[in-house]
Amino acid sequence: MKKLICILVSALAVVSVVLTGCTGTYDKTPDQFSKITWTTSDYSLRFAPDNDCKGRYTFDGKPYDIRLEFGPTRVTAYDADDADKVFFQASWTYEEEDYLYIYDIKFNTNDYKLLKENFVEFLRLYQDKKN
């Protein structure tokens, strides 16, 4: 029995090391930048870290005011007017040096019915530098 427990503990330790190695670790998250606005090339998503990560997402001509919160690998966008209402959840990583890649996006289609027609699964944002 002791051998089985030792084997299981060892296996869990190995799995946790492997999984930790799969996630990116960065010096800072996208919300820790200053004097920039993260922007998609079509301006469908824009947010400014200096402004409490508030921004705007536009779909089918309708703008939604949102606020983003970043974790080590996940991002949650909340409705800027109702902090309890999630707008979308996704994963994030950096692409090259200056690009933010938000992917595996899951929109809250229960509260935002129009987003049922939104099939966007990823967004690529660049740093729009402020003077």
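Ala80 counts as partly exposed in this predicted model. Its relative accessibility is 32%. The residue sits in the loop that joins S5 to S6. Across the fold, Ala80 can be paired with Cys53. The two are 27 residues apart along the chain, and their C-alpha atoms are separated by 10.0 Å. Cys53 also belongs to a loop, the one between S2 and S3. Its surroundings are of another kind. Cys53 is buried, with a relative accessible area of 4%, which puts it under the 20% limit for burial.

The backbone of Cys53 stands out as well. Its phi is near 60 degrees, a positive value in a residue other than glycine. Asp104 also has a positive phi, near 55 degrees, and it too is a residue other than glycine. Asp104 is found in strand S7. With a relative accessible area of 37%, Asp104 is partly exposed.

The protein chain holds one helix and eight strands. Read from the N terminus, the order is α-β-β-β-β-β-β-β-β. The helix therefore precedes the strands in this order. The chain has 131 residues, of which 34% count as buried.

The largest nonpolar core has 27 residues. Those with the most contacts inside it are Tyr57, Ile66, Leu68, Phe87, Phe88, Leu100 and Ile102. Contributions to this core come from strands S1 (36-40), S2 (45-48), S3 (54-59), S4 (62-70), S5, S6, S7 (99-107) and S8 (122-129), each with at least two residues. The largest share, five residues, is supplied by S6.

The loop between S5 and S6 also carries charge. Asp84 is placed there, between strand S5 (74-79) and strand S6 (86-95). Ala80 lies in this loop too. Asp84 is exposed, at a relative accessible area of 73%. Because that value is over 50%, Asp84 falls in the exposed class. Ala80, at 32%, does not reach that limit, so it is classed as partly exposed. Asp84 takes part in a negative surface patch. The other members of the patch are Asp81, Asp82 and Asp111.

Charged side chains also pair with one another. The count of salt bridges comes to five. One of them links Glu69 and Arg67, with the closest N and O atoms 2.8 Å apart. The partners differ in exposure. Glu69 is partly exposed, with a relative accessible area of 38%. Arg67 is buried, at 16%. The Arg67 value is under 20%, and therefore Arg67 counts as buried despite its charge-bearing side chain.

A second salt bridge joins Glu95 and Arg124, at 2.2 Å from N to O. Glu95 lies in strand S6 and Arg124 in strand S8, so this pair ties together parts that are 29 residues apart in sequence. Both residues are partly exposed: Glu95 has a relative accessibility of 26%, and Arg124 has a relative accessible area of 35%.

Arg124 forms a further salt bridge, with Glu96. Here the closest N and O atoms are 3.7 Å apart. This pair links distant parts of the chain, with Arg124 in strand S8 and Glu96 in the loop between S6 and S7, 28 residues apart. Glu96 is exposed, at a relative accessible area of 62%. Through shared partners, the salt bridges join Glu95, Glu96 and Arg124 into one network. Arg124 is the shared partner, because it pairs with Glu95 and with Glu96 within the 4 Å limit for a salt bridge.

Strand S8 holds another residue of note. Phe122 is found in this strand. At 48% relative accessibility, Phe122 counts as partly exposed. The value is not over 50%, so Phe122 is not classed as exposed. Phe122 and Trp92 are 30 residues apart in sequence. In space, their C-alpha atoms are 9.3 Å apart.

Notes
Residues are numbered from 1 along each chain as its sequence is written. This is a predicted model: local features need pLDDT of at least 70, side-chain atom pairs count only at pLDDT 80 or more; totals for chains, interfaces and linings use all residues. Side-chain values use heavy atoms; hydrogens and water are left out. Patches are made of residues with over 30% relative accessible area and no salt bridge: like charges are joined within 9 Å, nonpolar side chains (Val, Leu, Ile, Met, Phe, Trp, Tyr) within 5 Å. Accessible areas come from the Shrake-Rupley method with a 1.4 Å probe; for residues, only the protein chains shown count as cover. The place of a charge is taken as NZ of Lys, CZ of Arg, CG of Asp or CD of Glu. Helices (H or I, at least four residues) and strands (E, at least two) are DSSP runs, numbered from the N terminus. Buried means under 20% relative accessible area, exposed over 50%, partly exposed in between (1.4 Å probe, protein chains only). A nonpolar core is a set of buried Ala, Val, Leu, Ile, Met, Phe, Trp, Tyr and Cys residues joined through side-chain atoms within 4.5 Å.
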